[in-house]
Amino acid sequence: MNSFDVIIIGGGASGLMCALTAGQRGRRVLVLDSSNKVGKKILMSGGGRCNFMNLFVEPDNFISDNPHFSISALSRYTQWDFMALVEKHRILWHERDHGQLFCNDSAKDILTMLLAECEQAGVQIKTHCEIAAITATENPAKRFQLKSSKGDFTAESLVVATGGLSIPTLGASAFGYDIARQFGHEIKATRAGLVPFMFSDSFKEVSERLSGLAHESVLSNERNAFRENILFTHRGLSGPAVLQLSNYWFPGESVSVDLFPGEDIAAWLLAQKKQHAKSLLRTLLSERLAKSLVLELQTLFWAAQAETAMAEIPDARLAEIAAHLNGWRLKPSGTEGYRTAEVTLGGVATDKISSKTMESQLQPGLYFIGEVLDVTGHLGGFNFQWAWSSGNAAGQVV
Ligand SMILES: Cc1cc2nc3c(=O)[nH]c(=O)nc-3n(C[C@H](O)[C@H](O)[C@H](O)COP(=O)(O)OP(=O)(O)OC[C@H]3O[C@@H](n4cnc5c(N)ncnc54)[C@H](O)[C@@H]3O)c2cc1C
């Protein structure tokens with residue numbers, strides 16, 4: 001009774017997708033999860049509406065030491081395949097900026113859909129299940145033996161779908177990495193991704209005073225640039241541009257904020273100087289930026305010219321000020337870390353994993369799917385797409 005074709009450790013997005021796919025092939029599947037319920041991150045995702053996919057999926061939307069690894073699975077189970085499933089279950093959705101699809105009603109719709117498919121496919125799910133030990137045997141039919149708080153189990157295939165380290169209160173653990181190490185896999189250094197920046201310098205007080213203000217900017221460093229909103233918060237900077245760039249940021253580095261994306265603000269300032277010679281710089285900028293932000297910028301960048309008419313400010317000085325507006329340098333002291341991060345960068349190295357099936361090349365019958373692998377998506381539904389695609393890839397063969 002405790003013998004299964006497939007045991008999946010972790011009933012999150014990738015584990016449930018793998019389970020329903022394998023179950024539909026007639027495999028006897030057991031999902032084991034240490035939490036009190038499965039799919040907790042799905043329920044929390046997208047502000048409760050679950051950004052379950054993106055219309056425009058490109059390899060560039062994924063970060064990994066091996067950028068080619070995700071291509072195979074993503075091209076075999078695409079966003080259109082997932083959309084067909086969503087449509088089959090009559091889940092209403094809407095599109096937001098950048099091709100992001102969200103549920104109209106609730107993220108619960110997506111979890112209910114996955115669980116309904118699992119049930120139909122005869123998948124068994126056990127929650128509150130702590131796994132104490134995993135051993136591999138020479139018997140292919142009972143290759144893996146698991147000792148757990150819910151009893152002992154054997155399985156032909158073992159799928160690790162334990163996700164990343166972000167948000168421990170939602171059940172995140174390092175267990176998947178421990179299993180990978182047990183079977184000789186390397187773990188690429190992990191760090192929090194899609195996470196707000198914190199500051200300990202004078203900008204901390206600026207962000208506190210501006211807390212709640214959002215402004216469309218280009219946030220960049222030498223690795224990438226994102227044109228989206230930045231959001232000033234009590235702790236520092238958040239908003240989509242910040243979450244995106246956090247995936248490309250390392251401690252000790254600065255980032256650059258262009259408050260006027262795609263516009264040469266020096267040219268605009270010089271034109272304003274001609275047209276509004278008697279105006280103050282803050283008056284002119286307040287037509288383009290929130291007044292509270294302009295006052296902070298004035299203190300930082302042109303305090304000495306605060307009461308000087310435009311005509312009296314030398315062109316070279318205006319060019320210096322413009323350089324700050326098009327490239328405000330900020331140095332985060334860190335990120336908010338796993339407590340609030342949406343994802344974990346790094347993870348099980350992909351070089352010893354089949355990109356077609358997600359099977360380990362070191363231990364036959366062992367699979368890794370979803371976020372536990374060294375594959376991380378951009379903000380916008382890409383992390384779920386990776387969970388669906390990698391889960392399906394393994395589900396087809398386990
Ligand atoms: C707040 C938040 C919002 C997000 N919003 C979005 C979004 O809108 N769109 C998007 O694409 N991505 C979003 N993400 C990211 C997305 O949720 C994850 O990338 C995705 O869930 C990863 O799927 P997974 O199956 O690999 O892991 P998870 O979904 O995290 O599932 C892992 C499962 O393993 C279980 N587990 C962990 N340790 C053990 C253990 N020792 N034994 C047994 N079971 C264990 C956990 O309880 C969990 O059920 C969000 C993440 C967060 C935290």
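Visitor: Which residues come nearest to the ligand?

Guide: This is a predicted model. In it, 38 residues surround the ligand. Gly 10, Gly 12, Gly 163, Gly 171 and Gly 370 come nearest.

Visitor: Which elements give two or more residues to that shell?

Guide: Helix H1 (13-24), helix H2 (40-44) and helix H13 (382-395) do. H13 gives the largest share, four residues.

Visitor: How many residues of the shell are nonpolar, polar and charged?

Guide: The shell has 15 nonpolar residues, 18 polar ones and five charged ones.

Visitor: Now the helices. What should the span of helix H5 be?

Guide: Count 1.5 Å a residue. H5 covers residues 108-120, which is 13 residues, so 18 Å is expected. The end C-alpha atoms of H5 are 18 Å apart, which agrees.

Visitor: Which residues of H5 are buried?

Guide: Start with the general idea. An α-helix has 3.6 residues a turn, so residues three or four places apart point the same way. Now look at H5. Its buried residues are Asp 109, Ile 110, Leu 111, Met 113, Leu 114, Glu 117 and Cys 118.

Visitor: What do the buried residues of H5 pack against?

Guide: They pack against three helices and three strands: H1, H2 and helix H4 (79-88), then strand E3 (51-54), strand E6 (100-103) and strand E7 (124-126).

Visitor: What follows H5?

Guide: Gly 122 follows H5. The phi of Gly 122 is positive, near 75°.

Visitor: Let's turn to the core. Which residues of the largest nonpolar core touch the most other members?

Guide: The general idea is short. In soluble globular proteins, nonpolar side chains tend to be buried together. Here the largest nonpolar core has 107 residues. Ile 7, Ile 8, Ala 19, Val 159 and Phe 368 touch the most other members.

Visitor: Why does this core lie between domain 1 and domain 2?

Guide: Both domains give residues to the core, so it lies between them.

Visitor: What is Ala 19 in contact with, leaving aside neighbours within four places in sequence?

Guide: Ala 19 is in contact with Ile 8, Val 29, Val 31, Cys 118 and Val 123. Cys 118 is also one of the buried residues of H5.

Visitor: Where do the two domains run along the chain?

Guide: Domain 1 has two stretches, 3-190 and 345-395. Domain 2 is 196-335. Their contact takes five residues from domain 1 and four from domain 2. On the domain 1 side, three are nonpolar, two are polar and none is charged. The C-alpha centres of the domains lie 40 Å apart.

Visitor: How many helices and strands does the chain have?

Guide: It has 13 helices and 21 strands. Of its 398 residues, 46% count as buried.

Terms used: Residues are numbered from 1 along each chain as its sequence is written. This is a predicted model: local features need pLDDT of at least 70, side-chain atom pairs count only at pLDDT 80 or more; totals for chains, interfaces and linings use all residues. Domain bounds come from an automatic or database domain assignment. Two residues are in contact if their C-beta atoms, placed from the backbone, lie within 7 Å. Ala, Val, Leu, Ile, Met, Phe, Trp, Tyr, Cys and Pro count as nonpolar, Asp, Glu, Lys and Arg as charged, and the others, Gly among them, as polar. A residue is near a molecule or strand if its C-beta atom, placed from the backbone, lies within 6 Å of it. The expected span of a helix is 1.5 Å times one less than its number of residues. A residue is buried if 20 or more other C-beta atoms lie within 10 Å of its own, exposed if 12 or fewer, and partly exposed in between; C-beta atoms are placed from the backbone. A nonpolar core is a set of buried Ala, Val, Leu, Ile, Met, Phe, Trp, Tyr and Cys residues joined through C-beta atoms within 7 Å.
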